[in-house]
Amino acid sequence: MTDLITYVLRGIPFGCVFALVAIGLVLTYKTSGVFNLAFGAQAYVSAAVYYDTHVRHKWPIIPAFVLAVLVFGPLVGLVLDRLIFRFMRTAPHVARLVAALGLLVAIPQLVNLWFGQSPSFGVEGIWPSSQGSNFAVYHFGDYALNGDQVATLIATAVVVIGLTALFRFSDIGLRMRAVVESARMTELSGINAGRVGTIAWMLSSLVAGLAGVLLAPLFAQVSATNFTVLIVAAIAAAAFGGLTSIPLTLLGGILLGVAQGLLGGYLPPASVLAQGLRPSLPFVALFLLLIFWPSLRNRREVTDPLAGVDPPPPGLAALERSRGLTWATRIFALIVLAIAIPFVLSSNYWLLLGTEAVILSTIFLSIVVITGMAGQISLCQATFAAIGAFTTAQLVSNYHVSVMITILAGAAMAAVVGALLAIPVLRLGGIYLALATFAFALMFESVLVPLDWVGGGANPIKVPRPKFAGIDFANNKSFFFLCIAILAVVSVLVIFVRGGTIGRYLDALRGSETAAQAIGVNPTRARIIAFSLSAGIAGLGGGLLATQTGIAQPADYNSFLGLFWVVLVVTLGSRTVEGAVQAGVAFYVVDEILKRIGINQSWQPILFGLGAMTYAKHPEGILEFQKRQSLAFVQRHLDRMKRRGAPAEPAGADEAGAVAPTPAQPSSERVGAD
Amino acid sequence: MALLEARDISKRFAGITALDDVSLDVEAGEPVGLIGPNGAGKTTFFNCLLGLLRPDGGRVVFDGRNITRMPVYKRARLGFGRTFQRIELFSGMTVRDHLLVAERAHRGTASLWKDMLNLSRATTEEIEKADATLELLGLLDYANRPIESCGLGRGRLVEVGRALMTEPKLLLLDEPSSGLDRVETEELVTTLQSVQRERGTAILLVEHDVEMVQSFVSRLYVLDFGTLIASGTTAEVLGDATVRKAYLGEYV
Amino acid sequence: MRARWLAASTVLLLLAAACANSSSGKTKTTTTSSGGTATTAAAGTFPPVNEPGVTATEIRVSGVASTTNPIGGQYGTAFDGVQAYFNMINSQGGIYGRKLVLVGRHDDQLSNNKREVQAIIDQDNVFAVLPVATIFSFSGASLLAQNNIPTYGWGINDEWTGPPNLFGHLGALCNGANCPSILLPYVAWKLHKQRIGVLAYNVANSAACVDGIKTSFDKYPVAKVVYSTKALSFGVTDMSADVKKMSEANVDFVTTCMDNNGVLTLAREMRQQGLNVPQYLPNAYDHDFMAKNGGFFEGSIVLVQESPLETTPKFPALQNYVTWMDKAGYTKTENASIGWTNADMFVTGLRAAGPNFTRQKVIDGLNRETSYDAGGMLAPIDWTKQHTDLHYPRSCGVFTMVKAGKFVVQWAAPGKPFVCWDGTPATVEGSKPYARQ
């Protein structure tokens, strides 16, 4: 019994760590509608400032704390709100998630540019205890706390009490929540939504800064990655609080910490169960919570009643092109290919990049299916790719099945897993779906990948190239063409599906789920099919990637990479096959361009982050937007030429940057968008 | 046995009783109206009939089957069609596409394999069927236009057409004349009347516009604060003093 | 209009955006700066060589390291070690009248090794590849093996084992349960410790290391593993339950297969719960880390795989290392010193190949060595066998103890920091380790 109490008590300080971070997440979500995965990056800013001033420059604790937390914290929030999130108050929650992901990548690089990248050992907290021999430990009988833990406990208590009071008893709390629900309506009531939003961001950033400084001593060095890992684990506690209740989030965090302590205490330490469950508990908890917790299960995302004020998103630009223009575009694309392919074939290096770009484009097609067509954000595409890759690797090495067959088997396996996952998860929708898929990705990574029969254990499994129809694809050129062929087949498949019944159903569901149901479309079935197809495509890509590199290495499919894939594709354009291909190519080629121009390493993630910001304004994707603009531009000039040629016939209204084509165009016949 | 029998439908939202034991019948092929002041619960009632909301009490029987717990899309397959007060169209699709997808959904034949092999393109029969409905609604000229280019009046008609493609036995129309001017409303009424005649569809109409209601429905229910306060033929109901006071004020 | 230009430039920039994990490093051309005039032999003194990367005046090499990584490792300093060595050689006139030039410092960012290696082969026009300092996976190894390019690096990945042209600083590497080693049991025996606790992450490499430890103590039962777990999560983990259990099991010596974050968290937890026992730290030879955190590791043993800077007196090779690193102002990290030894391997091969050198001759030159130790900087490697022999009967290690934040070499001899065993001893007590430099 005393053992039980000890384990419970020992789990509490760690639970407070989770709780503090989770409270920060919940606070941000509640007051600004952003599920801020970049919270860790914000925490990192304050931690870096504190380290620099207190540890490197030997400032005393209090001035360093004031600067790092009380000044820099809200300052970061102010900047984020004024520059970015102010423009996103009416954007869908998922768009804000994407923006946060961009920040997650960009902010640490900005900090590193400022502070440099030298190692930062000897992290100190705010409790007046130093490292090594003066490490302050407080004993309460058998139970001990160190100074940083005491600070965390106190800070957590203060934050919880303060925030709960704020939301329950103050005006500003109510206003913040109102602005999140509908900024427009709030303004109609005479409240300055902008100012409220800014205060919200400053407040949540203050908590981020506090968390950063308090939790930095948990790690040997100050680094953004450490905080991000912590965030990801804390999401479960946030889900426990339903993403709204601060006290419940605190409870959730503590329960999580205690549960980890109990698992550590009672599971046999060398057992497989311990090995699987202890590291993955937060993710398993998150997954189960999202699926089974009633208040989350039935929660529909709060939709702004005035959202209808926004014009509907425009249709695909390609569908509005005249036939002639479509052919012109296609011929142009063929010309580009005709130039690009020999260039790629000219050197082994470009061949490697080219092949990987083609494979990545194939994987990105899976995102076109699930996000572009079904309108859902799935953050576990890398996991499906991994399933494809590991299935391929295991079948090849254990059963010596022909490689091409194993790749197809990998795709099938991923599709099956996708369908199974979709059943409990699709009902969630919006940000909860995104979180559930992310939780799945993390679970897979921490529980299944380390197992020998999945990820191959300490030695990743080698995967040879396919050999069939008399061709040995160990030849890189042959393999490149094989990948192109596969990409072409999958693209055509995706186009057919998009134009087919399921594609139509998904279009309808995206347009209006209610109306679609009212005509008899079964939303769950259509989406499960889309999810499964998307998983299968990703699995196919994963298998190809494994055989391309020659080994199935888990690092190629890690869950954060999956996040970035999604962000890249939705930013560039998730509605069309073209968007996927361009994203896949951009991933590699532009990298090269930057290398040759000689731009500093750190700017790439920063640019990526910036790009992600555009998603809210252009949910159809930057490329689609550009396509539409250029189409309008070309169309306008064609009209002008026509008008000069046939003065008797007014060619209809010219609208600069027109969203819809003019009725006089006789050619808006349905031509396939590629 | 009426086509639609709703019995004792009740719905509460956190302390507010939106519907209190509302019962309503619609016979096959019959046009029925449901009127009442704003906030009376008309749309809530519709949503309960359609399955978008689950009533806290009562039952809905359609064509002899108890559909109270049936999911929305299944009810649609049984023969419900609906238009929406706040127009719900499928952006990015053309007018004809709206009808085509409804036709497909009605037949319920969705096969991924056929899709992948490009065997799911719209057949000539389907197109002809859609065009026939478009013609009935006067929308044939706009068949290929993207839905965003249609105004509200036309959009409403598209909604009606979409609903019709599912060959409904009962059409639920939620304030179809809202946002339409006099001319458009009259056109709508004419169209609805021909639909009802030619296809024998029962219609349950929620409306504000009393004149429209008068010219169209044979029976009327009146809802006020979630309770039915009157029901009967159009003439009876509109002549009833309670109704006039509750709904029409002192207007004669 | 302005919006359009903004959008267009965003597109251009955005086309430039790749995710953090995908980008690869810049290629910087670094030329040696040996100060003053370089001694170039007159053309004709040495025969022309028709090999890639060799001109009349230069021998070019390029390398790849995981410079950008999330755990704060200093792998990129390997390039510094190579450069310092090249500075030394070039100041003596170079090799066969040619300067040694490190032309590229590729960054594989953990997962792009194959791509960077392909870039080196295709674009850098080099004779050999060094250093290679990548942590997760050396996926470019197959390319280097296929092209028979002399390659030298930090040999901690399995891919170094096998091909005769890949020279890692440890030779063939044995991982996991099949690999008993005498090193850790020796330490336990020397410190009179009998109850061992082992902690690892559930990540594959970490977990395999635990198996290796158990096998070692099975073979050399001077102590018993009384607690072991592979269930800790990389990144952030609560070890309080594990420490409590180790206390209850009276563990007197803890070893981990974890990085610096993990061992520090463990040390703090141990201090907090009053479990004041030393640790065995196979990855912690980092002066900055230990200077700041030494208080938690007083009395712990840190294993070093090459001659530590604390060796006294310094034998010539070590002295050169210190001198030339200081001259260039480089930090003397563990990776830097391994980079130095990689350069030494290369030059040894070059010298053995003679003035008419080719890649094959350089490879063969080093492969004739039966006891190569980079002038004493490394444990000796028998290159005639240790490309493939996982159980070569010789083990060596440098054991340092942490005292007041500094590393103090143990159980060896002045100027000879390695403790070595020849053959495979049957017991620890009966074994005869000897010291060597």
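## Chain B: size and make-up

The radius of gyration here is taken over C-alpha atoms, and the globule rule is 2.2 Å times the number of residues to the power 0.38. Put chain B through that rule: with 252 residues, a compact globule would come out near 18 Å, and chain B has 19 Å, so the two agree. Bear in mind that this is a predicted model.

Stretched along its principal axes, the C-alpha trace of chain B covers about 60 × 40 × 35 Å. As for secondary structure, chain B has 10 helices and 10 strands.

## How confident is the predictor?

For the complex, the predictor reports an ipTM of 0.89 and a pTM of 0.87. Chain A has a mean pLDDT of 84, with 90% of its residues at 70 or more. Chain C averages 86, and 90% of its residues score at least 70.

Now for the weak spots. In chain A, residues 648-674 stay under 50 in pLDDT, and the model has 53 contacts beyond four places in sequence for them. In chain C, the stretch that stays under 50 is residues 1-43, for which there are 96 contacts beyond four places in sequence. Helix H1 (residues 2-15) of chain C has the lowest mean pLDDT among the elements of that chain, at 35. At the other end is helix H2 (residues 78-91) of chain C, which has the highest, at 97.

## Where chain B meets chain A

On this interface, 37 residues of chain B are in contact with 35 residues of chain A. The area buried between the two chains is about 3100 Å², and carbon and sulfur atoms give 65% of that. What about charge pairing? The count of salt bridges between chain B and chain A is zero, while eight residue pairs are in polar contact, both partners at pLDDT 80 or more.

On the chain B side, the elements giving two or more residues are helix H2 (72-78), helix H3 (95-107) and helix H4 (112-116) of chain B. H3(B) supplies the largest share, six residues. Sorted by class, this side of chain B has 18 nonpolar, nine polar and 10 charged residues.

## Where chain A meets chain C

Over at the other interface, 91 residues of chain A are in contact with 77 residues of chain C. Chain A and chain C bury about 6900 Å² between them, with 56% of it on carbon and sulfur atoms. There are 19 residue pairs in polar contact between these chains, again with both at pLDDT 80 or more. Helix H24 (residues 577-597) of chain A gives the largest share of the side of chain A that touches chain C, nine residues. That side divides into 46 nonpolar, 35 polar and 10 charged residues.

## Salt bridges between A and C

Side chains of opposite charge can pair when their charged atoms come close. How many salt bridges link chain A and chain C? The count is three, and the structure holds 28 over all chains.

One salt bridge joins C:Lys244 to A:Asp3, with the closest N and O atoms 3.1 Å apart. That pair runs between chains, from helix H7 (residues 240-248) of chain C, where C:Lys244 sits, to helix H1 (residues 2-32) of chain A, home of A:Asp3. A:Arg278 also forms a salt bridge, with C:Asp242, and here the closest N and O atoms are 2.6 Å apart.

Notes
Residues are numbered from 1 along each chain as its sequence is written. Chains are lettered from A and ligands numbered from 1 in the order in which they are written. Side-chain values use heavy atoms; hydrogens and water are left out. pLDDT is the predictor's confidence in each residue, from 0 to 100. Contact means heavy atoms within 4.5 Å. Buried area is the accessible area (1.4 Å probe) that two parts lose on being put together, summed over both. A salt bridge is a side-chain nitrogen of Lys or Arg within 4 Å of a carboxyl oxygen of Asp or Glu. A polar contact is a pair of N or O atoms within 3.5 Å; within protein, one must be able to donate a hydrogen and the other to accept it, and residues adjacent in sequence count only if both atoms are side-chain atoms. Helices (H or I, at least four residues) and strands (E, at least two) are DSSP runs, numbered from the N terminus. Ala, Val, Leu, Ile, Met, Phe, Trp, Tyr, Cys and Pro count as nonpolar, Asp, Glu, Lys and Arg as charged, and the others, Gly among them, as polar.
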